[in-house]
Amino acid sequence: MIIAKALTKKFDDKIALDNITMTIPDGCVYGLVGSNGSGKSTLLRLISGVYMADDGEICVDGENCFNNPAIKSQIAFLGDTPYFLPQSDLKEMAQLYSSMYPDFDYEIYNHLLTVFPLNQKARLSTFSKGMQRQAALILALSTNPRYLLMDEAFDGLDVVMRRVLANIVMDGVQQRGMTAIIASHNLRELENVCDSVCVIHNGKIISNGSIESLRGNMHKIQVAFSEVPEMSVFDSLYVMKAERTGSLLSLVVKGNEDEIMQFINSLNPLYAECIEPTLEEVFVYELEVVGYDVKNILS
Amino acid sequence: MLNFSFLYKKSSSDVFHAFPLTRCELLLSRLSAGLICTLIPVFVCYISFGVLSAFFPWIGSLTQLVYYLLHTVIIVLVCSTFSLIFVISAGSMFDLGVSLIVENVALLVVGSIFDSILQETLLGYDNYSVSDIMYNLSPPYFCGIGLGRADGVVKDGISAQSIEFLIRSVIYIIAFTVISILLYNKRKAEKGGTAYAYKFMYLICSVLAGICGGYLLGYLFAYDVANPVFFIFMTVGAILTSVVYGVVTNRGFKKIGHAVLMGGISAAIIISVAVSGMTGGFGYSNRVPEKQDIESTYIQAFDEYIYFSDPQDVLTLHKKLIETGAARKIDNNSNTLRVTFDYNLKNDKTMTREFWVDTSFVEKELLSIYKSDERLNMIKGEVDLEKVSQLSLYFYQNDEYIQVDITNAEAKEFLDVYWLDVQNCGTEVLEDTYYNIYELNGYSKSEDYYFNFMLEASYNTFVNTKQFVTEHNLIERAKAEK
């Protein structure tokens, strides 16, 4: 389990993470979402022990991870830009990683080489961006980590490889109890992979929880009337957002789906439909209510 | 340096710092890797020399090669660990290079500058020797000296100096490594890509550069540090240099105010050193050794370097100089004489002071030195008239310089009459007239060197010497020789 307590990180005068407190449970896929510079990469670097916290602490399995090889050996961190030793090939990098990580598993490595078919003996510098990311993934996953941290994990991967990566991550979580933390500025990418999501903006957590609980009891209702009633009619519902286009009314309503539809139908609409909102829409509605310019956060 | 280049790039820093190693382990493993790469060629060379020395003895004995190898390894270790501090403190390869160059070069120059200022103001002379300061301040200089001494160790065996070098080297290696580890443990990984991970490195380099630039500009416009013009241009130079350094480091004029402040600090350091020197260095320049602490004494005055077995007369002169301030009250009307005191102390140290003296304050004491037996014996002892040849006398007469060959017997007679005049002379000999001099030149066969003695005199009152010149027709003989 990863626990951050009043975690603060500053870069000179800029506060990258501002007094963050959060818990990431074991055995889940956890998404960190936020715009560029929001602090999600900084949080990953703090978890992986690359950065030192300026204030507060971040503990992995109850221990501070900075300068702690025992904890760091269980964490594989995949940065946003893959790095390999100059002139090295994948095989040499695998040797380096196997000498560093006690749990490096050549079986996993060889298996992943069949999934991501890369030439082991070709110089990594000659690889394309996507191939380099695949190589970095192979190395990170071969360390058999308990915690896999990925910054902009899907960058540079084609659609097929994205799906393959998602499957590998979910397999790791299900079969080995691995915890995967994926940072991305694109919520849509994380929607189908993550169990929980945390939205970070300007170094602060503005929303955090499981996707189910976030999506929870929010419903998107589209309803058509022959004569659109006054909005005050809906006062008994928790309407988060209402938009009218001619005789068509779009409502975002919080509450029990059956109760909401029962009320809507009692108004004798010409047409009424309840739609499951996307995760992005959930965030947009939730956050706009509390005054955030969500389009900038999730863009 | 290449082994630590990962520090300066975010992607590589992420990978290396995420490895399950402590910072200390990471630093020592990278240092070891670098040292192995550096030392392997060294060992290969020495092993090759060792093999070749069996066939070509002029290469050196095995013992010699082992000594040299040991010195080389120690020096590589000292320099590597010293550089490591810069490697850890820098934020990019460019700034690492700049700081290494600035620190190592500027440290030598700054040492030389302060040595020059302090010697000029405190000791009265500048012998341009900075070796002691540099030996203690600059590890690269220390290593250079150590390498030079390796030859001495080979020839003369292990000496106290070589043991001191070894001990200091080990202390340096341990100290620099510990400092590097401490710095690295606190180093913020995110500083990769910035100029410096630690501000103090920028501050030190900026101040050192400012001192160098300031002194250079001040020296260009005013030769003497006691000149106000020096201080004005020195301050301008220090600020300009620090601004240039700041612009390079900050990649622009972003922190120009800060750079100006650094220049100001550089100027203030030079001013404080110069002022403390000019005001006597908190009593340092006024120190006179105690008689019981002195092993031997030399004084350089009247163009002669005279040894005194009993330092009493010299100490009396020195004390009177300090008490009367004779060395500090020189003006355009002063009759000046350059006097150097050179003491070898019983604690194996030396003490040298050099003054431009206003003779009017210390006439009696100077005359005492001038007429001393030590001065006569020194002249007579140096010139064994039985073993010299090609003697000539050189003096000024009737508005022209006279040079005439003389015999050994004439030289002996000349010295006798000269000494008679010395015993009877007054303070007129202290007048600073460079042509009131008899110069005795010759060639010493036994020592195989040409000597010349500048015998200070007063042509008008040295009547016996004058009579000697007349009686021996030296002027006519000189003309004839011409």
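**Exercise 1. Placing A:K40**

Task: Find the element of chain A in which A:K40 has its place, and decide whether this residue is buried or exposed.

Solution: Begin with the secondary structure, where A:K40 belongs to helix 1 of chain A, a helix made of residues 40-47. The model is a predicted one, and the values that follow are computed from it. Next, take the relative accessible area of A:K40, which is 3%; since buried means under 20%, A:K40 counts as buried. Finally, look at what surrounds the residue: once neighbours within four places in sequence are left aside, A:K40 is in contact with A:L32, A:V33, A:G34 and A:S35, and also with A:E152, A:A183, A:S184, A:H185 and A:I200.

**Exercise 2. A residue in a helix of chain B**

Task: Work out in which helix B:V78 is found, and which residues B:V78 touches when those up to four places away in sequence are not counted.

Solution: The residue sits in helix 3 of chain B, which covers residues 62-89. With a relative accessibility of 1%, B:V78 counts as buried. The residues that B:V78 touches, under the condition set in the task, are B:P139, B:C143, B:S169, B:Y172, B:I173 and B:F176. As a last step, follow the chain from B:V78 to B:D405, which is 327 residues away in sequence, and note that the two C-alpha atoms are separated by 61 Å.

**Exercise 3. Sequence distance and distance in space**

Task: Determine how far apart A:N19 and A:G203 are in sequence and in space.

Solution: First locate A:N19, which has its place in strand 2 of chain A. In sequence, A:N19 and A:G203 are 184 residues apart, while from C-alpha to C-alpha the separation is 8.3 Å. The contacts of A:N19, leaving aside neighbours within four places in sequence, are A:A6, A:L7 and A:T8. For chain A as a whole, consider the contacts with a separation of 6 or more: 67% of them join residues 24 or more positions apart.

**Exercise 4. Two positive phi angles**

Task: Explain why the phi values of A:D12 and B:R251 deserve a second look, and state where each residue lies.

Solution: The starting point is a general one, because most residues other than glycine have a negative phi. A:D12 has a positive phi near 55° and is not a glycine; B:R251, likewise not a glycine, has a positive phi of about 55°. As to position, A:D12 lies in the loop between strand 1 (2-11) and strand 2 (14-24) of chain A, whereas B:R251 is found in the loop of chain B that joins helix 9 (228-250) to helix 10 (256-278). The last step is accessibility: A:D12 is exposed, at a relative accessible area of 60%, and B:R251 is partly exposed, at 45%.

**Exercise 5. Empty space inside the structure**

Task: Establish how many cavities of 30 Å³ or more a search of the whole structure finds, and which residues lie nearest the centre of the largest cavity.

Solution: The search finds 3 cavities of that size, and the largest has a volume of about 100 Å³. Its lining consists of 14 residues, of which A:L78, A:Y83, A:Y97, A:A136 and B:V15 lie nearest the centre. Moving from residues to elements, those giving two or more residues to this lining are strand 6 (75-78) and helix 5 (129-142) of chain A, together with helix 1 (10-18) of chain B.

Terms used
Residues numbered from 1 in each chain as written. Chains lettered and ligands numbered in written order. Predicted model: local features only at pLDDT ≥ 70, side-chain atom pairs only at ≥ 80, totals over all residues. Heavy atoms only, no water. Contact = heavy atoms within 4.5 Å. 1 Å grid on protein atoms, 1.4 Å probe; cavity = no way out; pocket = protein on both sides within 12 Å on 5 of 7 lines; lining within 4 Å. Points joined across faces, edges and corners; volume = space filled by probe spheres on them. Helix = DSSP H or I, 4+ residues; strand = E, 2+ residues; numbered from the N terminus. Buried < 20%, exposed > 50% of the residue type's maximum accessible area, 1.4 Å probe, protein only.
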